[in-house]
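Please work through the exercises below with the sequence and the coordinates open side by side. Each task is followed by a solution that goes step by step.

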Amino acid sequence: QVQLVESGGGLVQPGGSLGLSCAASKNIFSIYAMGWYRQAPGKQRELVADFTRGGNTNYADSVKGRFTISRDNVKNTVYLQMNSLKPDDTAVYYCNAVNIVTGAVYWGQGTQVTVSS
C-alpha cells in the first residue's frame, strides 16, 4: 500500500507561480511511475505531467514550457512547479503512482489550484 500526500495548492493571480509537492509513504520510485493529473469542474481528469519508465518527463501540450515535474529520491517526493499560470489551469491537482509490475494505481487526496484575479 502506498500513501500519497499532496500540498502546495492555493489561489494565485494569472501569470503567477505555484509549487506542488507529493510525498510518498515509502521509497517507490524504482517500481512506480509517478505523475500529476488535474480535474477541472465538469471535465474529465487529465494528465498534466509524468515520468516515463525510462525516467524521462512527459507533459500535456497545454502546460509545456510552463510546468516542470521533478523528484527527490531521498525525500520520496515528486514536485510540480507551475509558472505563468492561466485561469484554465484552475483544477484539483492529483498525484498519481502506478506500480509498473502489478499495475496497481494510487492517488493522492488532491489539492485545489485556483487561478483568478
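The exercises go from the overall fold to the core, the disulfide and the aromatic rings.

The model is predicted, so that local features need pLDDT of at least 70 and side-chain atom pairs count only at pLDDT 80 or more, while totals for chains, interfaces and linings use all residues. Residues are numbered from 1 along each chain as its sequence is written, and side-chain values use heavy atoms, with hydrogens and water left out.

**Exercise 1. Describe the secondary structure and the overall dimensions of the protein.**

Begin with the elements, which are DSSP runs numbered from the N terminus, helices being H or I with at least four residues and strands E with at least two. The protein has 11 strands and zero helices. Next, take the radius of gyration, computed over C-alpha atoms and set against a globule rule of 2.2 Å times the number of residues to the power 0.38. The value of 14 Å is close to the 13 Å that the rule gives for 117 residues, so the protein is as compact as a globular protein of that length. Along the principal axes, the C-alpha atoms fill a box of roughly 45 × 25 × 25 Å. Finally, 40% of the 117 residues count as buried, a term that stands for under 20% relative accessible area, with exposed meaning over 50% and partly exposed what lies in between (1.4 Å probe, protein chains only).

**Exercise 2. Identify the largest nonpolar core and the elements that build it.**

A nonpolar core is a set of buried Ala, Val, Leu, Ile, Met, Phe, Trp, Tyr and Cys residues joined through side-chain atoms within 4.5 Å. The largest such core has 32 residues, and those with the most contacts inside it include Trp36, Leu80, Met82 and Tyr93. Among the elements that give two or more residues to this core are strand 3, strand 4, strand 8 (77–82) and strand 9. Tyrosine 93 can then be followed outward through its contacts (heavy atoms within 4.5 Å): leaving aside residues up to four places away in sequence, tyrosine 93 touches, among others, Glu6, Trp36, Arg38, Leu80 and Val113.

**Exercise 3. Locate the disulfide and state which parts of the chain it joins.**

Search for cysteine sulfur atoms within 2.5 Å of each other, the cut-off for a disulfide. The structure holds one disulfide, formed by cysteine 22 and cysteine 95 with their sulfur atoms 2.0 Å apart. Cysteine 22 lies in strand 3 (residues 18–24) and cysteine 95 in strand 9, so the pair ties together parts that are 73 residues apart in sequence. The torsion about the S-S bond is -80 degrees, which makes the link left-handed. Cysteine 22 counts as buried at 0% relative accessibility, and cysteine 95 is likewise buried at 0%.

**Exercise 4. Classify the ring pairs, and find the charge over tyrosine 94.**

Rings of Phe, Tyr and Trp (its six-membered ring) pair if their centres lie within 6.5 Å, and planes under 30 degrees apart count as stacked, over 60 as edge-to-face and the rest as tilted. The count comes to three aromatic pairs. The centres of tyrosine 32 and tyrosine 106 are 6.1 Å apart and their planes stand at 50 degrees, so this pair is tilted. Both tyrosine 32 and tyrosine 106 are buried. Tyrosine 94 and tryptophan 107, by contrast, form an edge-to-face pair, with 6.3 Å from centre to centre and 85 degrees between the planes. Tyrosine 94 is buried at 14% relative accessible area, whereas tryptophan 107 is partly exposed at 36%. For the charge, require NZ of Lys or CZ of Arg within 6 Å of the ring centre and within 35 degrees of the ring normal. Arginine 45 lies over the face of tyrosine 94, at 3.7 Å from the ring centre.
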